[in-house]
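Reader: I'm new to this one. Could you show me the structure and then walk me through the words people use for it?

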Amino acid sequence: MSYQEINSKIIDSWCDAGWQWGKPITHEDYEKALNGEWNVYLTPTKYVPKAWFGDLKSKKILGLASGGGQQIPIFTALGAKCTVLDYSDSQCNSERMVAKREGYDVEVVQGDMTKRLPFEDETFDLIFHPVSNSYVEEVKPIFQECYRVLKKGGILLCGLDNGMNYIFDETETFIKYKLPFNPLRDSEIYEDSIRNDWGIQFSHTLEEQIGGQLEAGFILTDLYEDTNGEGKLHEFNVPTFFATRAVK
């Protein structure tokens with residue numbers, strides 16, 4: 001079984017257990033979005049600035065590894081034409097469920113973002129990509145594919161992990177692991193990951209994540225940092241995530 005297949009099954013199990021990022025929005029939240037009252041997350045606690053989006057009416061949006069019925073319904077309520085790609089059965093099913101409940105159309109593609117994206121060049125106006133690169137060993141090819149499928153002037157919004165989470169033990173008190181954190185190259189990390197139901201996760205550097213966007217051809221226009229939202233690192237205001245806005 002590939003690490004992508006392991007992660008897909010792990011995320012399904014998290015969703016079944018009530019995972020925060022697997023809970024679709026309510027009908028009431030959808031109604032609020034129709035009336036212009038909305039917010040979305042790329043990272044755990046901070047809302048994405050609305051100025052990062054611009055007018056979404058009639059824009060073509062790709063939710064990349066963004067299933068679960070959380071952001072795509074809101075973008076649809078704002079008038080966008082949305083596609084979502086995710087490899088989790090549960091996340092794809094939640095997306096379809098919300099669309100059926102609210103009576104709108106959405107294209108749901110169950111697929112692996114480590115492969116060539118199943119879309120033509122210059123298809124989308126905006127890609128919304130919440131924290132998910134931590135489940136992928138090589139991230140630069142993802143940015144290259146995002147660049148390919150975005151229209152000129154298109155926007156890439158990413159939520160990213162800075163690697164800090166991966167050095168600590170589960171109490172976030174003691175440094176336990178070296179970076180890079182890569183279960184495929186360290187048997188101890190792999191065994192800990194499987195035993196603790198973490199999935200197969202990977203740390204990535206700023207060079208990989210910001211540098212990877214720049215190498216693909218993007219222009220970085222803004223960013224912000226965020227914490228875990230809970231735990232010891234959060235209590236000490238240690239930034240562990242960041243979000244970027246880039247333009248093709």
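**Strands, neighbours and surface**

Author: Let's start in β7, where Phe-241, Ala-243, Arg-245 and Val-247 point one way, Phe-242, Thr-244 and Ala-246 point the other way, and all are buried. This is a predicted model, in which local features need pLDDT of at least 70 and side-chain atom pairs count only at pLDDT 80 or more, while totals for chains, interfaces and linings use all residues. Residues are numbered from 1 along each chain as its sequence is written, and side-chain values use heavy atoms, with hydrogens and water left out.

Reader: What makes β7 "mostly covered"?

Author: Buried means under 20% relative accessible area, exposed means over 50%, and partly exposed is in between (1.4 Å probe, protein chains only). In β7, seven of its seven residues are buried, so each of them falls under 20%.

Reader: Why is Leu-220 called partly exposed?

Author: Its relative accessible area is 31%, which lies between the 20% and 50% cut-offs, so "partly exposed" is the right label. Leu-220 lies in strand β6 (residues 219-226); strands are DSSP runs of E with at least two residues, and helices are runs of H or I with at least four, numbered from the N terminus.

Reader: And what about Glu-225, which is also in β6?

Author: Glu-225 has a relative accessible area of 44%, again between 20% and 50%, so it is partly exposed too. Leaving aside its neighbours within four places in sequence, Glu-225 is in contact (heavy atoms within 4.5 Å) with Lys-46, Pro-239, Phe-241 and Phe-242.

Reader: How do you know that β6 and β7 pair?

Author: Two strands pair if DSSP finds at least two bridges between them. β6 and β7 have seven bridges, in the antiparallel sense, so they qualify. One bridge joins Leu-223 to its partner Thr-244 in β7. β5 and β7 also pair in the antiparallel sense over seven bridges, and there Thr-244 is the bridge partner of Cys-158.

Reader: Which strands pair in the parallel sense, over four bridges?

Author: Strand β2 (residues 81-86) and β3 do. Val-108 in β3 is the bridge partner of Val-84.

Reader: What is the order of the strands in the open sheet?

Author: Seven strands run in the order β3-β2-β1-β4-β5-β7-β6, with mixed pairing. β3 (107-110) and β6 stand at the edges with a single partner strand each, so one side of each has no neighbour in the sheet.
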